[in-house]
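The exercises below are meant to be worked with the sequence and the model side by side. Try each task before reading its solution.

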Amino acid sequence: MTDATTDRTTDATTDAMTDAPAPSRPRLTPEEVRRFAFRQGPGKAHLGEQHLVDDAAPTTSALPPRHARSATGRPLPLGTCDLLAATPYPQPCDRAAVAGLGPDARLGHLLVGALGLQRREPSHRYADHRAVPSGRAKFPVHAFTAQGPVLRYLDVHRHALVDVHAHSGSDAPDALNAVAGEGGSVLLAARYSDLPAAYGRMRYAVSEAELGVSLRSLCVTADLLGIPARLALDGSATARAESAIRSAGPGTWSAPLTLRLGDPGDPDGPAPSVPLPGPPGPEHDARDPLLAAAALDPSVRDAAAVSAQRHALPAADPPTAHGLPAAAAAPAHRPDWARVLWDRSAGRAADRHYGFSLRPAALPGTCLTDLLAWARQPPPDRLLAEVARRLRLTVALHRVGGRPDGLHRVEEDGLTLHRRHPRIMAVLQAGFAQPPSHNTDNGVRHAAMVWIHSIDVDALVDDLGPAALGLLQLCLGWSVHGLCLGAAAHGLVARPARSFVEYRVQPLLGLARQETPVFMTICGTSRFTEPMLDLRT
């Protein structure tokens with residue numbers, strides 16, 4: 001993006017750090033968005049914008065917004081793990097068991113199952129402990145619930161929906177009622193300061209993709225619980241959700257998503273607030289100044305400006321959002337859903353080492369069939385579905401279901417062999433940005449499957465407008481999280497990755513010059529396991 005674009009977003013982002021009403025948003029041109037896409041994608045290495053990340057550098061990860069640290073709210077229910085443990089993969093929960101739950105419990109189980117804590121590996125360098133994957137386990141996506149005139153913040157560490165005690169002049173009850181809809185809504189937004197500053201403009205791609213991950217996780221859990229859900233992605237719904245989230249306090253946020261729940265809810269209104277166990281969070285946290293520092297970062301201003309282009313999306317009647325694939329193939333050992341979420345992992349290396357380590361292992365064809373179904377389940381919106389249709393999905397296979405080793409293209413009628421290559425994984429490892437070293441491992445060489453999404457970014461933005469780049473990231477997160485869940489069901493780890501050199505991977509895949517690889521998911525058998533701490537409820 002040009003300096004002029006950065007300058008004209010400064011006032012808007014600075015206002016976003018205050019409790020003032022949202023300012024008008026500049027409309028970016030396709031050329032500005034394409035320039036930004038290049039800088040945070042293929043151009044990051046050439047422009048010197050790919051920096052080493054200091055894990056000791058503070059971030060705002062896991063810091064609740066200022067007005068969401070109160071002493072009141074609604075405790076989340078217990079028993080989510082038991083409910084999912086009684087549900088075999090890939091089937092939904094028993095309707096009789098779900099029918100006996102009240103509206104408050106259904107909402108709570110939805111949030112805990114989709115976004116809650118799972119486990120902790122004591123020696124793991126990163127606390128990859130939730131139902132969703134996150135870069136460096138920072139989890140920049142935050143969730144709020146809007147029910148009638150009540151706005152609450154999901155604090156997974158307090159196991160509660162915490163009341164948002166907004167400042168004076170915040171959304172009136174009528175405005176919050178519009179956000180909530182008839183059955184209530186879950187609002188998702190990513191906060192850029194939760195990721196290390198060294199990510200630079202990559203904070204945009206990671207945050208937007210993780211929004212797609214969290215959206216898929218909510219839709220999968222809604223399917224399991226039989227809760228109808230619809231994604232309201234139009235500009236007016238985005239603006240109302242943004243106003244509600246801004247009322248929670250300062251921060252530089254992505255454009256939010258609104259998932260409307262079709263569950264009729266409690267006819268008497270949202271459940272009343274009660275005192276929550278333990279002390280409330282501090283009104284002022286030592287990390288609060290990082291929120292202001294992020295707003296002064298040009299890369300954050302650019303990211304917020306590009307994300308804000310979703311405010312211009314047209315109104316549409318959204319269909320019911322289904323996260324579960326229609327034709328998933330269960331493995332022979334038939335895990336339950338509690339086990340699938342427990343096993344979901346991006347892999348790891350030995351203690352005191354970075355990266356991830358895999359070991360070679362042959363896989364049956366049913367595993368490939370299942371992951372294909374997860375990857376191809378369309379996202380829940382007309383524009384998102386159009387972006388997904390334009391994405392090319394290529395999968396590198398090694399010792400999977402008797403298929404030839406090499407590159408296979410995902411077509412409408414299944415897989416088509418594109419290029420035989422007995423050493424395909426070793427070749428792909430050379431394109432990864434983190435080579436093995438004395439303190440880092442890169443398990444691509446031992447992977448069974450590597451899924452690569454690619455697309456012509458320039459044509460996408462030209463055809464669908466400046467909001468298309470954000471829609472692309474949502475689609476990627478949606479598809480990738482499906483691969484992560486399918487892999488976990490078959491005892492595999494799935495490593496979502498952007499740490500590859502596009503110019504090296506592109507010719508390996510036989511892609512045209514204008515078609516850029518934009519995401520990679522590495523699936524295989526982990527080399528490391530250890531006893532884990534169970535954080536489930």
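A residue is called buried when its relative accessible area is under 20%, and exposed when that value is over 50%, with partly exposed in between. Bear in mind throughout that this is a predicted model.

**Exercise 1.** Locate Asp-128 and decide whether it counts as buried or exposed.

*Solution.* Begin with the position along the chain: Asp-128 lies in the loop that runs between strand E2 (119-120) and strand E3 (141-147). Next, compare its relative accessibility of 10% with the cut-off of under 20%, from which it follows that Asp-128 is buried. Finally, look for its surroundings: once neighbours within four places in sequence are set aside, Asp-128 contacts Arg-119, Pro-133 and Ala-137, and also Arg-344, Ser-345 and Ala-346.

**Exercise 2.** Determine how the axes of helix H7 (residues 202-225) and helix H10 (residues 298-307) are oriented, and describe their contact.

*Solution.* The two axes come within 8 Å and cross at roughly 40 degrees. Angles under 35 degrees would count as roughly parallel and those from 65 to 115 as roughly perpendicular, and H7 and H10 are therefore oblique to each other. The handedness of this crossing is right-handed. On the H7 side the contact is formed by Arg-203, Tyr-204 and Glu-208, while H10 supplies Ser-299, Val-300, Ala-303, Val-306 and Ser-307. Sorted by class, the residues of this contact are four nonpolar, two polar and two charged.

**Exercise 3.** Carry out the analysis for H7 and H16.

*Solution.* Here the axes come within 7 Å and cross at roughly 50 degrees, which makes H7 oblique to H16. The crossing of H7 with H16 is right-handed. Among the residues that meet are Tyr-204, Glu-208, Leu-211 and Leu-215 in H7, and Leu-469, Gln-473, Trp-478 and Leu-485 in H16. The contact divides into 12 nonpolar, eight polar and two charged residues.

**Exercise 4.** Find which residues touch the most other members of the largest nonpolar core, and which helix gives the largest share of this core.

*Solution.* The largest nonpolar core has 107 residues, and those touching the most other members are Leu-188, Leu-218, Trp-337, Met-449, Trp-451, Leu-469 and Leu-472. Helix H16 (residues 468-489) contributes the largest share, 15 residues. To follow one member outward, take Trp-451: beyond its neighbours within four places in sequence, its contacts include Leu-368, Leu-393, Val-410, Leu-483, Phe-519 and Cys-523. A second, separate core of 20 residues includes Leu-407, Leu-428, Phe-432 and Ile-522.

Terms used:
Residues are numbered from 1 along each chain as its sequence is written. This is a predicted model: local features need pLDDT of at least 70, side-chain atom pairs count only at pLDDT 80 or more; totals for chains, interfaces and linings use all residues. Side-chain values use heavy atoms; hydrogens and water are left out. A nonpolar core is a set of buried Ala, Val, Leu, Ile, Met, Phe, Trp, Tyr and Cys residues joined through side-chain atoms within 4.5 Å. Buried means under 20% relative accessible area, exposed over 50%, partly exposed in between (1.4 Å probe, protein chains only). Helices (H or I, at least four residues) and strands (E, at least two) are DSSP runs, numbered from the N terminus. Contact means heavy atoms within 4.5 Å. Axes are lines fitted to C-alpha atoms, for helices over the stretch in contact, and angles run from 0 to 180 degrees between N-to-C directions. Angles under 35 degrees count as roughly parallel, over 145 as roughly antiparallel, 65 to 115 as roughly perpendicular and the rest as oblique. A crossing is left-handed if the near helix is turned anticlockwise from the far one by less than a right angle, and right-handed if clockwise. Ala, Val, Leu, Ile, Met, Phe, Trp, Tyr, Cys and Pro count as nonpolar, Asp, Glu, Lys and Arg as charged, and the others, Gly among them, as polar.
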